[in-house]
Amino acid sequence: KRFQEDGFDLDLTYITPRMIAMGFPSKGVEGKYRNSEEDVYRFFQQRHSGHYRIINLCSERNYSLNTFHGSVARYPFPDHNPPPMELILPCCSHMHSWLQADVDNIVA
């Protein structure tokens with residue numbers, strides 16, 4: 001289900017109030033059929049400013065960490081594949097620490 005509120009139309013959903021699943025933020029033509037990087041930035045600034053951490057799981061694509069004020073962690077693995085076992089615990093530990101640091105923090 002797409003997130004369609006407050007003028008947003010994003011491939012994004014709240015799994016829990018503090019955990020979001022979303023499509024990769026993209027630019028250019030790819031941003032037309034994926035989530036636009038600018039729209040994703042605007043979403044997080046409006047709804048979770050200063051309290052979001054984006055977890056980039058995609059090994060094929062990347063974006064500037066500056067776009068999201070450096071609040072990005074990378075645990076990359078190939079699209080449409082399961083993550084390597086050695087990435088699961090570090091990624092989950094990172095998310096857990098971020099969520100524990102402040103009750104307003106969210107991960108996406």
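This section describes the fold, cores, pocket and selected residues of one predicted protein model.

The model is predicted, so local features are reported only at pLDDT of at least 70 and side-chain atom pairs only at pLDDT 80 or more, while totals for chains, interfaces and linings use all residues. Residues are numbered from 1 along each chain as its sequence is written, and side-chain values use heavy atoms, with hydrogens and water left out.

Confidence was examined at the outset. The mean pLDDT (the predictor's confidence in each residue, from 0 to 100) is 92 for the protein. A value of 70 or more is reached by 96% of its residues. Confidence is lowest in helix H1, residues 30-33, with a mean of 65. It is highest in strand S7, residues 106-107, at 98. Helices (H or I, at least four residues) and strands (E, at least two) are DSSP runs, numbered from the N terminus.

Strand pairing was assigned where DSSP finds at least two bridges between two strands. Strand S1 (residues 12-16) pairs with strand S2 (residues 19-22) in the antiparallel sense, over four bridges. The two strands form a hairpin, with two residues between them. Within this pair, Thr-13 has Ala-21 of S2 as its bridge partner. Tyr-14 is partnered by Ile-20 of S2. Strand S5 takes part in parallel pairing. With S6, S5 shares four bridges in the parallel sense. Here Cys-58 stands opposite Phe-77 in S6. With S7, S5 pairs in the parallel sense over two bridges. In that pair, Tyr-52 stands opposite Ile-106 in S7. S5 is mostly covered, with six of its seven residues buried. Buried means under 20% relative accessible area, exposed means over 50%, and partly exposed lies in between (1.4 Å probe, protein chains only).

Nonpolar cores were then located. A core is a set of buried Ala, Val, Leu, Ile, Met, Phe, Trp, Tyr and Cys residues joined through side-chain atoms within 4.5 Å. In soluble globular proteins, nonpolar side chains tend to be buried together. The largest core holds 17 residues. Those with the most contacts inside it are Ile-20, Phe-43, Phe-44, Ile-54 and Phe-68. Helix H2 (37-48) and strand S5 (52-58) are the elements that give two or more residues to this core. Another core, of ten residues, lies apart from it and includes Ile-55, Phe-77, Leu-87 and Trp-98.

Contacts (heavy atoms within 4.5 Å) were listed for two residues, leaving aside neighbours up to four places away in sequence. Ile-20 touches Leu-12, Thr-13, Tyr-14, Ile-15, Phe-43, Phe-44, His-48, Ile-106, Val-107 and Ala-108. His-48 is found in helix H2. Its contacts are Tyr-14, Ile-20, Phe-43 and Ile-106. His-48 counts as buried because its relative accessibility is 12%. The C-alpha atoms of His-48 and Ser-36 are separated by 17 Å, with the two residues twelve apart along the chain.

Open space was mapped on a 1 Å grid over the protein atoms alone. A pocket is an open set of points where a 1.4 Å probe fits, with protein on both sides within 12 Å along at least five of seven lines. Lining residues have an atom within 4 Å of a point. Grid points are joined across faces, edges and corners, and a volume is the space filled by probe spheres set on the points. The largest pocket has a volume of about 630 Å³. It is lined by 34 residues, and the closest to its centre are Met-22, Ile-55, Asn-56, Leu-57 and Cys-58. S2, S5, strand S6 (72-77) and helix H3 (85-101) are the elements that give two or more residues to the lining.

Several loop residues were also examined. Val-29 is placed in the loop between strand S3 (25-26) and H1. Val-29 counts as exposed because its relative accessibility is 67%. Its C-alpha atom is separated by 30 Å from that of Pro-84, 55 residues apart along the chain. Two histidines stand out for backbone geometry. Most residues other than glycine have a negative phi. His-69, however, has a positive phi of about 55 degrees. It is found in the loop between S5 and S6, and its 55% relative accessibility is why it counts as exposed. Phi of His-80 is also positive, near 65 degrees. His-80 lies in the loop between S6 and H3. At 77% relative accessibility, His-80 counts as exposed.
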